[in-house]
Amino acid sequence: VENSCQYGYRWFSVDNDGAEVPKFWDTWNQFATDYPVPNQNRTQVESKLLDSTSHKYKNTRYETHFEIARFDLFRNPQYYALYKYFDSKAGFLEHGWSIDQFHGLAVPLLATEKAICDLYPVVY
């Protein structure tokens, strides 16, 4: 893994058979409206989580079974603000949002594409 890597993962996506992840994307859109999110960062998030044809949220559960990260990424005030915002909507408890889904949104928001590293073929 290169020295520029701030967040390394082994990424799996699990098809939810069309089942919606309740209010997850709506909460992101509201956060992006309430807080200044640079267009480049928003585009990076959307390219990962929206269907390339319909531009709708894929409703896919992203599971990161293996992560290596620099702590400063998660100590970033923007990460804290995003987490606090999502937590205030009770989604982690009420809707079963996972930290994997949250990292799937937060990491591309806060880190450059170059700083996000797929750890394939790491076997765990």
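Let me start with histidine 103, which is buried, with a relative accessible area of 8%, in what I should say at once is a predicted model. Histidine 103 sits in helix H6, and, once residues up to four places away in sequence are set aside, the residues that histidine 103 touches are Tyr7, Glu67, Phe74, Tyr79 and Pro108.

That brings me to helix H6 itself, residues 99–110, where a simple check of geometry is possible: at 1.5 Å a residue its twelve residues should span 16 Å, and the C-alpha atoms at its two ends are 15 Å apart, which agrees. How much of H6 is covered? Eleven of the twelve residues are buried, and the list includes polar residues that you can pick out in the structure, among them Asp100, Gln101 and His103, alongside Phe102, Leu105 and Leu109.

Let me step back to the whole chain before returning to the interior. The protein has six helices and three strands, and, read from the N terminus, the order of the elements is β-α-α-β-α-α-α-α-β. Of its 124 residues, 39% count as buried, while the accessible surface comes to about 7,600 Å², with 50% of that belonging to carbon and sulfur atoms. If we take the contacts between residues at least 6 apart in sequence, 80% of them join residues at least 24 apart.

A word on confidence is needed here. The mean pLDDT for the protein is 77, and 78% of the residues score at least 70; among the elements, H4 has the highest confidence, at a mean of 90, and E2 has the lowest, at 64. Where pLDDT is low, the predicted coordinates should not be read in detail, and I would ask you to keep that in mind when you look at E2, with its mean of 64.

Now to the interior. The largest nonpolar core holds 28 residues, and the members that touch the most others are Trp25, Trp28, Leu82, Phe86, Leu105 and Leu109. At least two residues of this core come from each of strand E1 (7–14), helix H1 (24–34), helix H2 (39–49), helix H4 (77–88) and H6. Which element gives the largest share? H6 does, with six residues. Leucine 109 is a good place to look at this, for, leaving aside its neighbours within four places in sequence, leucine 109 is in contact with Trp28, Phe31, Val37, Asn41, Val45 and Leu82.

Phenylalanine 24, in helix H1, is buried, with a relative accessible area of 1%. With neighbours within four places again left out, phenylalanine 24 is in contact with Tyr57, Phe86, Trp97, Gln101, Phe102 and Leu105. The C-alpha atoms of phenylalanine 24 and phenylalanine 92 are separated by 9.6 Å, although the two residues are 68 apart along the chain.

Next, the aromatic rings, of which the model has 17 pairs. The rings of tryptophan 25 and tyrosine 57 have centres 5.2 Å apart and planes at 10 degrees, so this pair is stacked. Tryptophan 25 belongs to helix H1 and tyrosine 57 to the loop between H2 and strand E2 (61–69), so that the pair links parts of the chain 32 residues apart, and both tryptophan 25 and tyrosine 57 are buried. A second pair is arranged otherwise: tyrosine 79 and phenylalanine 102 have ring centres 5.5 Å apart and planes at 75 degrees, so the pair is edge-to-face. Because tyrosine 79 lies in helix H4 and phenylalanine 102 in helix H6, the pair ties together parts 23 residues apart in sequence; these two residues are buried as well.

Is tyrosine 80, then, buried or exposed? Tyrosine 80, which is also in helix H4, is exposed, with a relative accessible area of 55%, and the cut-off for that class is over 50%. Tyrosine 80 and alanine 106 are 26 residues apart in sequence and 9.9 Å apart in space, C-alpha to C-alpha.

I will finish towards the C terminus, with alanine 115, in the loop between H6 and strand E3 (116–118). Alanine 115 is buried, with a relative accessible area of 5%, and, neighbours within four places aside, alanine 115 is in contact with Ser4, Cys5, Gln6 and Tyr7. From alanine 115 to tyrosine 7 the C-alpha distance is 6.5 Å, across 108 residues of sequence; tyrosine 7 is also one of the residues touched by histidine 103, where I began.

Terms used
Residues numbered from 1 in each chain as written. Predicted model: local features only at pLDDT ≥ 70, side-chain atom pairs only at ≥ 80, totals over all residues. Heavy atoms only, no water. Helix = DSSP H or I, 4+ residues; strand = E, 2+ residues; numbered from the N terminus. Expected span 1.5 Å × (residues − 1). Buried < 20%, exposed > 50% of the residue type's maximum accessible area, 1.4 Å probe, protein only. Contact = heavy atoms within 4.5 Å. Areas by Shrake-Rupley, 256 points an atom, 1.4 Å probe, with all protein chains shown as cover. Core = buried A, V, L, I, M, F, W, Y, C linked by side-chain atoms within 4.5 Å. Phe/Tyr/Trp six-rings, centres within 6.5 Å; stacked < 30°, edge-to-face > 60°. pLDDT = per-residue confidence, 0-100.
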